[in-house]
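This briefing sets out the architecture and the packing of one protein chain. Please consult the sequence and the structure shown here alongside the text.

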Amino acid sequence: MNALSHRPDPRLDEWAPSLLKAQLYGQMLVDIIIGALGPGEQLDENALARRYNGGLAGIRDALARLALEGLVVRKARVGTTVAPLDLTEAREAFEARRLVEIHCAGLAAAHGSDAAVAAIRETLAGGEAAIEADDARALAAMDEAFHVAVATASGNRTLAKMVVTLHHQTARYWLSTMTPPSPEESLKALEEHRALGDSIAARDVAGARATMERVLGDFPDDVKRVLEG
């Protein structure tokens, strides 16, 4: 499952999910989030083209977008590397996510179309299978698609753009520093995500805001310990 290839992109029409460069971007994004492309790793464009079965032009476009989001660093005469982890930035981004995404959930419940609600629910299809298979790539893509779908349903494109960037800035830190969840914990999280979709579908603004707060949770203790250390 590659949920990223189906998610609505609130940013630029030229990044329609059907375009190869968008698919290359999505594949590299998830690999950065799950650590398959690790912090500080040197990225060779030709090797990436072979790895993702894409052309150099598409790879360069995808890297340019990742650079704009702060996920890769491009320097003249040095090349492109995966951005290092900065846990202070992660904490700040998480605080911003709570403000923005809770508000987006309320807006989605108030204004989201039936199609937008259906898109939110669709992102979670196959969740149990991904958990059973311990498929970190599919789970990361599913989480990305879900939060972007909720933000898109809010109808506020500016907030949706912010959610995309903030999600990317935090997701990789969680997977790099947190103890992997048990299958039971993952299933509980999946049900919380579905409950949020139900609140939005029921046009329950207060319920959607409260459920999004539970979905986001607190700043992870594992990350706090790294920062304090």
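The points below proceed from the overall fold to the cores, then to one helix and to individual side chains.

The model is a predicted one. The protein contains 11 helices and three strands, and 46% of its 229 residues count as buried.

**Overall architecture**
- Read from the N terminus, the order of elements is α-β-α-α-β-β-α-α-α-α-α-α-α-α.
- Of the contacts between residues at least 6 apart in sequence, 75% connect residues at least 24 apart.
- The protein exposes an accessible surface of about 11,100 Å². Carbon and sulfur atoms account for 52% of that surface.

**Nonpolar cores**
- The largest nonpolar core comprises 24 residues, and within this core Met28 and Leu66 have the most contacts.
- Two or more residues of this core come from each of α1 (20-34), α2 (45-52), α3 (56-68) and α7 (136-153).
- Helix α1 supplies the largest share of the core, with eight residues.
- Beyond its neighbours within four places in sequence, Leu66 is in contact with Tyr25, Met28, Leu29, Ile32, Leu71 and Val72.
- A second core, separate from the one above, has 21 residues. Among them are Ala109, Val117, Ala149 and Leu196.

**The buried side of α2**
- The residues of α2 that count as buried are Glu45, Leu48, Ala49 and Tyr52.
- These residues lie on the same side of α2 because they cover an arc of only 105° around the axis.
- In general, an α-helix has 3.6 residues a turn, so residues three or four places apart point the same way.
- The cover over the buried residues of α2 includes the helices α1 and α3, together with the strands β1 (42-43) and β2 (72-75).

**Aromatic side chains**
- Across the whole structure, a search for aromatic pairs finds zero.
- Two arginine residues are nevertheless placed over tyrosine rings: Arg65 over Tyr25 and Arg172 over Tyr173.
- The charged end of Arg65 is 4.0 Å from the centre of the Tyr25 ring. Tyr25 is also one of the residues in contact with Leu66.
- For Arg172, which lies over the face of Tyr173, the distance to the ring centre is 5.6 Å.

Note on methods
Residues numbered from 1 in each chain as written. Predicted model: local features only at pLDDT ≥ 70, side-chain atom pairs only at ≥ 80, totals over all residues. Heavy atoms only, no water. Helix = DSSP H or I, 4+ residues; strand = E, 2+ residues; numbered from the N terminus. Buried < 20%, exposed > 50% of the residue type's maximum accessible area, 1.4 Å probe, protein only. Contact = heavy atoms within 4.5 Å. Areas by Shrake-Rupley, 256 points an atom, 1.4 Å probe, with all protein chains shown as cover. Phe/Tyr/Trp six-rings, centres within 6.5 Å; stacked < 30°, edge-to-face > 60°. Lys NZ or Arg CZ within 6 Å of the ring centre and 35° of its normal. Core = buried A, V, L, I, M, F, W, Y, C linked by side-chain atoms within 4.5 Å. Arc of directions from axis to C-beta.
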